[in-house]
Amino acid sequence: LGTFLLAARVFVEVLSRPKPAVSPLDLAVTAYLAVSLLSLVQFAWPDNPASPRAYLYGLSLQVVPMLLYFAGRSVDAASVPRILAVLVAAQAFCALIGIPLFFLRPDFYTNYLVDRLGYTADWQTYARLQSYMGSTATGILSAVAIVLLVNLRMPMLLRYGLALLFMLTIF
């Protein structure tokens with residue numbers, strides 16, 4: 001439901017702004033979005049083993065990045081540095097919360113991981129640096145944040161410190 005509310009909000013926002021010229025990348029993203037949404041036809045086939053929840057989860061993983069692409073196209077250039085800074089700060093916040101949780105292993109966090117992952121042994125539960133987002137999402141977002149650091153004006157020591165923090169969450 002959240003994905004579809006986000007999709008509606010992005011479409012309203014994008015449609016209310018002045019239209020930039022359509023690029024070949026816009027057409028490619030739109031075509032991929034259409035194919036992703038048309039997968040509903042395949043989901044409706046008889047004897048489909050996937051649950052509706054699993055289908056919607058997979059669809060959200062495909063659709064949300066494409067919607068964010070169009071949302072980004074509608075942002076004016078003056079706002080880009082502030083948006084990049086907020087994205088990097090959000091990832092830094094998650095990493096600064098996640099690293100102590102990983103090493104201190106409080107009961108509430110261990111219970112959350114066991115419930116989410118289904119593992120009971122510490123070596124399985126804490127095999128990778130998890131967050132409330134999961135190890136794959138944490139690593140991807142950290143890699144993106146490292147790339148975004150290049151585009152931000154900040155003291156060199158802070159940039160290297162953040163890059164190190166994000167690299168810790170990748171490995």
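The buried residues of helix α8 pack against two other helices, α4 (80–104) and α7 (135–149). That is a handy way into this predicted model, since α8 shows rather neatly how a helix can split its residues between inside and outside.

Helix α8 covers residues 156–170, 15 residues in total. From first C-alpha to last it reaches 21 Å, close to the 21 Å expected at 1.5 Å a residue. The residues buried in α8 are Arg159, Leu162, Ala163, Leu165, Phe166 and Thr169. Looking down the axis of α8, these buried residues fall within an arc of 160 degrees, so they line one face of the helix. The general geometry helps here: an α-helix has 3.6 residues a turn, so residues three or four places apart point the same way. On the other side of α8 sit Leu157, Tyr160 and Leu164, which are exposed.

Met167 also belongs to α8, but it goes with neither group: its relative accessibility is 40%, so it counts as partly exposed, the class between buried (under 20%) and exposed (over 50%). The C-alpha of Met167 lies 7.0 Å from that of Ser142, although 25 residues separate the two along the chain.

Elsewhere, an acidic residue is tucked away. Asp26 is part of helix α2, which spans residues 24–43. With a relative accessible area of 6%, Asp26 falls under the 20% cut-off and is therefore buried. Leaving aside residues up to four places away in sequence, Asp26 touches Ala21, Tyr69, Phe70 and Arg73.

Arg105 stands out for its backbone. Most residues other than glycine have a negative phi, yet Arg105, which is not a glycine, has a positive phi of about 50 degrees. Arg105 is found in the loop between α4 and α5 (107–117). At 32% relative accessibility, Arg105 counts as partly exposed.

Zooming out, the protein has eight helices and zero strands, so the order of elements from the N terminus simply reads α-α-α-α-α-α-α-α. Of the 171 residues in the protein, 29% are buried. Taking contacts between residues at least 6 apart in sequence, 60% join residues at least 24 apart. As for the outside, the accessible surface comes to about 11,500 Å², and carbon and sulfur atoms account for 73% of that surface.

Note on methods: Residues are numbered from 1 along each chain as its sequence is written. This is a predicted model: local features need pLDDT of at least 70, side-chain atom pairs count only at pLDDT 80 or more; totals for chains, interfaces and linings use all residues. Side-chain values use heavy atoms; hydrogens and water are left out. Helices (H or I, at least four residues) and strands (E, at least two) are DSSP runs, numbered from the N terminus. Buried means under 20% relative accessible area, exposed over 50%, partly exposed in between (1.4 Å probe, protein chains only). Contact means heavy atoms within 4.5 Å. The expected span of a helix is 1.5 Å times one less than its number of residues. The arc is that of the directions from the helix axis to the C-beta atoms. Accessible areas come from the Shrake-Rupley method with a 1.4 Å probe; for residues, only the protein chains shown count as cover.
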